[in-house]
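Visitor: Hi, could you walk me through this model?

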Amino acid sequence: MIFQYLPEPIDDLLSVLGYWDLMLSGFIMTMWLYGIALLMGFIIGLSFAIFRQYGGWILSRIATAYIELIRGTPLLAQLFLFYFLPYSLRIPIVKWNYGINFVLFGKDISIILLNHRVLVGIITLSLNSSAYQAEYFRGAILSIGTEQLIAAQSLGMSRLSGIRHIILPQALRRVIPAWSNEAAYLPKYTVVVYFIGVLELFAQAHNIVAYTFVSLLTYIIVAIIFLVLITTISKGLDYIYKRTSIPGL
Amino acid sequence: MGKPVISVVDIWKSYNDLNVLNGVSFELMEKEVKVIFVPSGSGKSTLLRCINMLNPPDKGEIYLRGQNLMDSDVDLNKIRSRIGMVFQHFNLFTHLKAIDNVSIGLRRVKGLSKEEAHEKALMALKSVKMAEWADHYPAQLSGGQQQRVGIARALAMEPDVILFDEPTSALDPELIGEVLQVMLDIAKSGTTMIVVTHELGFAKAVSSEMIFLGEGVILERGTPEHFFTSPESERVKKFLKQLEVLYGSHEELLKL
């Protein structure tokens, strides 16, 4: 009888919710990683899509190689590569960190927003996301067709100006439904940084389980948080897609 | 006579082993309307895209008011802003309203202010009778309306010459008339034009010279009168007959 666990759902829930401060700081960390990786991935990905499509012989090949290399290797392997690379190259790791502290409802909440682990996580997630985003952007650019750029050039616009003023405004509108895939995947991918000790939502959930011994409920709560987050993101993007769509098309 | 606006001197162009242009030469004078007939698939777009150097010829020379466009130090973007182009499939910028389609070149290429560009664009739209559609997007317009905006887009840049690449062949028959009418109006107001088309009626009405291209060379050239009374080569006679049958002359569409 000693080993039999009697579920007491209400008590379990209350004990897990008692650690809401850990959940919150984990959630903020996840959103922080997500936001930066999505933004950096957008900038790098868009550039590589343009290089691949319009970059000429050398740039387009470099871009293609980059995209295939990243899409062809596991995210976790990339993370470990960036994490262990400085050690194997004997580059000394300087311990430093920037964080925020605040008090909310009587609880001290402190989050390390940037140290070498977080930085490795951000770099990996950004580069990884950029390769996938690049392909979404390239698909959208391809769907615009060559005639639009020819029309722009025949007005006297340079290729660059045509890409900037004619191709991109159309491609960025058209890419939203496909791109929302990446926007919805990325929050879930951020959990890999748990492996290098970044305290994001999943790592904090692990901590809560260690404190409370309530695992199922904790992870269900984490799952619900992700579900709500990602549903909100998709709905938001749907709304933006409709708002920016070109009348008559 | 003055100096030619465009001189095409012995241009050659091939794609892999397909020879599209095998030594074509002609000159285009100020306010001249030259109509070029090319059997489908014989390099009509190639010829026009050689002239504005979007698709430079392999060999030969092209001059815009005496300036050789094949020189490596020519600023082609600047040159292209002086050569208007109207496309078979209109190629309007789908994300821009009609007015912005017309004004974007003025703003981004000619560097006009937003207000100036808007005013000029509106005038160009007026000249193609599309001013009241200025705030519509291309997808909200009919083919004929889109093509008229396309013409306005070229006109607004005040180019030295406008190239028309089969401007009516993607249109439904009932929409052809309004586009031809606009082209007729701007031709009569002294616009220098090269028109690749199958519209015999248009050629008859305004062209100063008609050129028949076939197998990459000029088969025959001359005034409309010449072609409609006494064409020489058998191929041209046959081609004229086919055009008459396939496309008609649309003369009834044009208020001449």
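Visitor: What stands opposite B:Phe164 in β8(B)?

Guide: That's B:Val195. Strands here are DSSP runs of E with at least two residues, helices are runs of H or I with at least four, and both are numbered from the N terminus.

Visitor: And which residue in β8(B) is the bridge partner of B:Ile162?

Guide: B:Met193. Looking the other way from β7(B), B:Ile162 has B:Gly84 opposite.

Visitor: Before I go on, is this predicted or experimental, and how is it numbered?

Guide: The model is predicted, so local features need pLDDT of at least 70 and side-chain atom pairs count only at pLDDT 80 or more, while totals for chains, interfaces and linings use all residues. Residues are numbered from 1 along each chain as its sequence is written, with chains lettered from A and ligands numbered from 1 in the order in which they are written.

Visitor: Back to β7(B), then. In which sense do β7(B) and β8(B) pair, and over how many bridges?

Guide: Parallel, over 4 bridges, with β8(B) covering residues 193–196. Strand β6 of chain B, residues 83–86, also pairs with β7(B) in the parallel sense over 4 bridges. For two strands to count as paired, DSSP has to find at least two bridges between them.

Visitor: So is β7(B) buried or exposed?

Guide: Buried: 5 of the 5 residues in this strand (161–165) are buried, so the rest of the structure largely encloses it. A residue is called buried if 20 or more other C-beta atoms, placed from the backbone, lie within 10 Å of its own; exposed means 12 or fewer, and partly exposed is in between.

Visitor: Which residues sit on which face of β7(B)?

Guide: B:Val161, B:Leu163 and B:Asp165 are on one side, B:Ile162 and B:Phe164 on the other, and both faces are covered.

Visitor: Where does an aspartate fit in with that crowd?

Guide: B:Asp165 is on the side with B:Val161 and B:Leu163, and is buried like them.

Visitor: What's the strand order in that sheet?

Guide: β6-β7-β8-β3-β9-β10, an open sheet of 6 strands in chain B with mixed pairing. β6 and β10 (217–222) are at the edges with a single partner strand each, so one side of each has no neighbour in the sheet. On average, neighbouring strands are turned by 20° against each other, direction ignored. Helix α1(B) packs on this sheet, touching β6, β7 and β8, and its direction makes about 160° with that of β7(B). Axes are lines fitted to C-alpha atoms, for helices over the stretch in contact, and angles run from 0 to 180 degrees between N-to-C directions.

Visitor: Which strands does helix α5 of chain B lie across?

Guide: β6 and β7 of chain B; α5(B), residues 143–156, runs at about 175° to β6(B).

Visitor: Now the other sheet. What's the order in the open sheet of 4 strands in chain B?

Guide: β2-β1-β4-β5, with antiparallel pairing. The edges are β2 (18–28) and β5 (67–68), each with a single partner strand, so each has one side without a neighbour in the sheet. Helix α1(B), residues 44–51, packs on this sheet as well, touching β1, β2 and β4; its direction makes about 125° with that of β1(B). Touching here is residue contact, meaning C-beta atoms placed from the backbone lie within 7 Å.

Visitor: How many bridges join β1(B) to β2(B)?

Guide: 8, and the two run antiparallel. B:Lys13 has B:Leu21 as its bridge partner in β2(B). The two strands form a hairpin with 2 residues between them, and B:Asn16 in the turn has a positive phi of about 50°. On the other flank, β1(B) (residues 6–15) and β4(B) (residues 59–64) pair antiparallel over 5 bridges, with B:Trp12 partnered by B:Lys59 in β4(B).

Visitor: Switching topic: how many residues of chain B are in contact with chain A?

Guide: 21, meeting 20 residues of chain A. On the chain B side, α2 (76–81) and α3 (98–108) each supply at least two residues, and the largest share, 4 residues, comes from α2(B).

Visitor: What's chain A made of?

Guide: 10 helices and 2 strands, running α-α-α-α-β-β-α-α-α-α-α-α from the N terminus on. Its C-alpha trace spans about 80 × 55 × 35 Å along the principal axes, and 34% of its 249 residues are buried.

Visitor: At what angle do α1 and α10 of chain A pack?

Guide: About 60°, with their axes 9 Å apart; α1(A) is residues 9–17 and α10(A) is residues 215–244. A:Asp12, A:Leu13 and A:Val16 in α1(A) meet A:Leu217, A:Thr218 and A:Ile221 in α10(A).

How values were computed
Two residues are in contact if their C-beta atoms, placed from the backbone, lie within 7 Å.
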